[in-house]
Every structure is written in C-alpha cells, then in structure tokens.
Amino acid sequence: MDAYNQKLVKRISVRSIAVRGLPGTQAYLFLEDIEVSAKRPPVARLEIQVRKGSGIRREVRKVGRNDNLFDLSSGLDAYKDGFVVADIDARLDRISFVNGRELGVGQASGDLSEAALRRIQIREAIRAHFQKERALFHQGVKVLTLFFIDEVAKYRQYGDAGELPGEYAQAFEEEYERQQNEVLELDLEDAPAGSRHGTYQQWLRGIDITKTHNGYFSIDKKTKRLVDPSLAARSTETDDAGAYDLILKDKERLLSFDEPVRFIFSHSALREGWDNPNVFVICTLKHSDSTVSRRQEVGRGLRLAVNQAGERLDDPTTVHAINVLTVVASESYQDFVAGLQRDIGETLSARPRLADDDYFIGKLLRTDAGEVPVTARMATQIQFWLLQNGYCDFDKQIQPAYHEARAAGTLAPLPPELASFGEQVLALMDGLFSDAQLPQIDDDRRQKQNPVNGNLHKREFQALWQRINRKAAYTVQFDAGELVEKERSDRCRGLPRQRGPAGLRVRGTRRQSGEEACRAGASAREITRGPMRPGRGKAELRRRRREAELRDEKNTAQMEVTAPARAGPYST
C-alpha cells in the first residue's frame, strides 16, 4: 500500500464481467462495449446468437437505435419479443430495448455456460491487451498479458500424437484472430515506428498466432513434459524450481519485440505464478480460491514497466498514466474492488490506527544534533494540529482530509516547535492506517471519451464558443392586435402568408376588387387614388396602390380575415 501511494507500483483498473438473468426469455446477450464518435450516434457492440447454415453461433454485431435483434439473428424466436434497441446511453454504458430489458457494458444474460463465460473473459483480456499495446508500442514498451487457469489440461493436453491445444488455447486463438483483424483494419500506419520493427501494424502482422501465447507449468525432470499438478504428484519441490528457472531464463527476452510470446498461461498464482514488470493485463480463468487472495493475484503485475532499453517508466508526472494494470474479473466491479480492498486491509490489520499518546510518545526524530524522542508535549501539539485542521476526529482516527491534503501538498503548517521535524512528523502520520489509504481502483469500462477533432482548438471556434457557452432564457411577448394589423398589411402588399407565434396562422381571402373593398369599408379614393384609365382596370389599380404605399407607410386598406367558427382574427 505504501508503494502504491508513493507511485512505486502500477495503478489498478478492473474490467468486470457480470452475469445477470432475464426472466422469461432464453435470449443470450453480452454487451461488449459502446463506441462513441463525434460524427454519429453511439453504437453498441452486442454479442448475440445468429442462425447460420451450419447451426447457431454467437457473433458480435454493431447495433444502433431501432435495430431489431430478431432480424439480426436471422429470425431466432428468442429475440422475437420486443428485442428492438430503444436507446444506447454512452454516459451510463447501458443499452435498453422496447420490451423494457436493460443491459450494462460487461453484463451477460440468458443461457451462459462456464465455457462461454471463460471465452468472454479471454476476449476481453485480448481487447485490453491490444488497447494498451497500441498506446505503448511507440514508447518501446512490450505489453504482456497473464492468464491464471485452474487446470493445465484446459490449456495443453498430452496424448500419443503429442501436445494438443486445450479449450482455452483454442478459444484464445479464435478470439485473438478476430480482435487482431479489427486492429489491422484501423488506420494506424502513421504511428511512430518502434525502432527497426516498423509501425505497430507491421510488427503485429509478423507475429504467428500459435507462437504469441505459451504456458509455464511444472516440468517432469525425466520426460521434460509439463505436468498438471492436480493429476501428477511431484516428488520434490525442485519441479517448481525448474519451472521458475525457465521463467527467469526467458524473462529478459520476453521484454523484447523480437520474442513473439505476449500472452502467458500459468496454473497457479502462488507456487507456479509468473511475474514480469511488463504485465499490463491479468485474467483469472478459474473459480475463486480461498487460499489465494485477490491481492496475491494482482501483485503479479504491479511492478513498474520497462522499455526496450531496460529503463523503468517511473517519471512521477506520467507514472500512473502509463503504468495501469487491468484485471479482467468474472464478477462485478463493486464486488471485486470490495474483495481486493478487504484483502489489503486484512494484511494491514496489525498497523496502529489511532493518533494517540501511545503511538507518538517515545518515537525518535532524527536531527543533525542526533535523535530526539517525541515528548508528551510534542504528542499533544501534533494531536491538536490534527484536530484543529480536521485531519482526525475526536476518537483520534485519521480522516480522508489528511490524505487528500498530503497528496495535494496543501497541509496546514505544523506548530513552530515541530516545524524543524516536518517530514519526520508526517512520516509518523503516514504510518497510521486508515481506509482512506486504500488504493483507488478504477473502473476500466468507464474510461470512454468522445474524441474531438482539430477544430476544437481553432481560434474561430473558441471565439464562437465564448459567445454561445452561456445558458440563456428568452421570453417573447406580442400584441394580438398589432400582429393582425401587420398581417393585413403584408397581405395587401402581396407578401407570402406569415405564421404567427406558437403555431398560429393568419389567413387572408382572395384579392378584392375596388367595389368589394368599398363594401368592406374602404373608400374608392383610398383604393384608386384617382380615376382609372379605360381598359387598364386591375393593372392600374395595382399601380395606384403601390404608389400609395410608397407615399404613406401606414396602409389603410382593409381585408377580411377568416377564422374557424368566426372565433377570432386567427386560428390554430
């Protein structure tokens, strides 16, 4: 824990896989991921069952809103009852269907066997591996993934014909090929070259699938074959030592891009566990074991990574941005985190927890003049300083506020008598255990970001954003009489019909002759402005009306405005 808080080991994130049932249906679903884009709505990567000519297979399909799983599955009855995508929420990582069913990223539902669950774990571990590998290749860092399995036979079997791949090895190669093809389809050729290995895609194409994974187990000295500890008894502990020597011999080579092995299968997290600083993904393909804690499993990949030159990536400003260990767990994120923190807390149970006199008095503080023991007065000053700044409660238990201020470098000044012992007093405080010291474990599935393009940083966009990024409320008020009067004027000018506010519409009748207008209330002089020339009736009338409008902005021509049931001057 101290190493984690001092950024001497990797940060931990969890990619969980939870199984939930959907009552009343046997439809199989696994929500692998939700992809976001700046150019299109969110898309869900959903694994479903699909009818094929050779039978029913499970395939990952990209689905959007209104997609019907019944159609995508080629008419499987399991998806007939309302499995139409109603919404894809990238913020909550959730997909919902019109029948009310919901599924979160990393959740599987329906008929899910043990083998299907392990295959999903293998797939997620490979996806996490590729994501990290693409990001770290140009930094000269080779990414490794470690699988813990419960039986050697599930990875490798031995028969008269020699070694045969087990179910895990077969599933790995099938899932690896599919994930690799997706990576190779991406436009990554402009990525920085990794020394003499070319671009990431060039290096990836040169790796044989069958050679990129291997297993390290106990070795029988006589036959030189790997043995399953659950089936073949060991004569001595030297079998484990032999396997450990094999790991040590190849460890430096495993860090090189020249070595194709990137995925390691190991039988046990303890006796035959595998350890390497460049392990970035750990996946446990076995049932929980009370003799092996999560802390012990995770510990196999916590060391800080090194690059091709053997340099450790421990720059304090970037150490936890690069060194992130992803654990693919066959349980929910909350359950895994609770279990891991409980394991860590149990190992630290012997640590003192109270900032009381018994803890401080007598502790030695080193100075240039020699060692100075903490006196009762000094202990009281430390306790008052803690209580005064909210760093501890009245029960003398350290509060999260202390650790937050300590990490941010904003601790309140120590009393003058203790100022010369500053770092040593703080070291004493760090020796006290509190739950706030437990490592913060990230949810690997919630690190989704919507990528932005280069326009975000352009001066024109920033200027526009400064004008529109404030919330505003607009209120519109209008006078009904004035609205009708303006509509009448527009109709007299022959302008198109205008829509009123809130969907209201003002409608006029056909254009009236001078005689009809007189009956409607307008005088002949107002219409014609003088005698009309023979044979030019309508044209002359339009000419005279236009001249009148130019002379006087206020048009006094009157029109009849129709409305339903004669309820008013306009209608909805």
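**Exercise 1. Decide whether strand 4 is mostly covered or mostly open.**

Solution. This is a predicted model. Step one: take the 10 residues of strand 4 and count the buried ones. A residue is buried when its relative accessible area is under 20%. Step two: 8 of the 10 pass, so strand 4 is mostly covered.

**Exercise 2. Place strand 4 in its sheet and list its pairings.**

Solution. Start with the order. The open sheet has 5 strands, arranged 2-9-3-4-5, with mixed pairing. Its edges are strand 2 (18-19) and strand 5 (55-63), each of which pairs on one side only. Helix 3 (residues 114-136) packs on this sheet and touches strands 2, 3, 4, 5 and 9. The direction of helix 3 makes about 15° with that of strand 3 (29-35).

Next, take the pairings of strand 4.

- With strand 3: antiparallel, joined by 5 bridges. Leu31 has Leu46 of strand 4 as its bridge partner.
- With strand 5: antiparallel, joined by 9 bridges to strand 4 (residues 43-52). Val50 is partnered by Arg57 of strand 5, and Arg51 by Ile56.

Finally, check the connection. Strands 4 and 5 form a hairpin, with 2 residues between them.

**Exercise 3. Which residues form salt bridges with Glu35?**

Solution. Take Arg40 to begin with. Its salt bridge with Glu35 has its closest N and O atoms 3.9 Å apart. The cut-off is 4 Å, so this pair counts. Arg40 is partly exposed, at 40% relative accessible area.

Then take Lys62. Its side chain meets that of Glu35 at 3.4 Å, N to O. This pair links distant parts of the chain: Lys62 sits in strand 5 and Glu35 in strand 3, 27 residues apart. Lys62 counts as exposed, at 51% relative accessibility.

For context, a search of the whole structure finds 26 salt bridges.

**Exercise 4. Analyse the salt bridge between Arg118 and Glu114.**

Solution. Distance: the two side chains meet at 2.6 Å, N to O. Spacing: the residues are 4 apart in helix 3, so about one helical turn separates them. Cover: Arg118 is buried at 5% relative accessibility, whereas Glu114 is partly exposed at 36%.

**Exercise 5. Describe the sheet of 7 strands and the helices lying across its strands.**

Solution. Order: this open sheet runs 13-16-10-17-18-1-21, with parallel pairing. Edges: strand 13 (213-216) and strand 21 (442-443) each have a single partner strand, so one side of each lacks a neighbour in the sheet.

One pairing in detail: strand 10 (residues 144-149) and strand 16 (residues 263-266) run parallel, joined by 4 bridges. Phe148 stands opposite Ser266 in strand 16.

Helices: helix 3 lies across strands 1, 10, 16, 17 and 18, and runs at about 180° to strand 17 (279-285). Helix 4 (residues 167-185) lies across strands 10, 13, 16 and 17, at about 160° to strand 16. Helix 3 also packs on the sheet of Exercise 2.

**Exercise 6. Which residues make the nonpolar surface patch of about 380 Å²?**

Solution. The members are Phe461, Leu464, Trp465 and Ile468. Ile468 belongs to helix 14 (residues 459-468).

**Exercise 7. Summarise the whole chain.**

Solution. Elements: there are 18 helices and 23 strands. Burial: 42% of the 572 residues count as buried. Surface: the chain exposes about 31800 Å², with 49% of that supplied by carbon and sulfur atoms. Contacts: among those between residues at least 6 apart in sequence, 66% join residues at least 24 apart.

How values were computed. Residues numbered from 1 in each chain as written. Predicted model: local features only at pLDDT ≥ 70, side-chain atom pairs only at ≥ 80, totals over all residues. Heavy atoms only, no water. Patch = residues over 30% accessible without salt bridge, like charges linked within 9 Å, V, L, I, M, F, W, Y side chains within 5 Å. Areas by Shrake-Rupley, 256 points an atom, 1.4 Å probe, with all protein chains shown as cover. Pairing = 2+ DSSP bridges. Contact = heavy atoms within 4.5 Å. Axes fitted to C-alpha atoms, helices over the stretch in contact; angles between N-to-C directions. Buried < 20%, exposed > 50% of the residue type's maximum accessible area, 1.4 Å probe, protein only.
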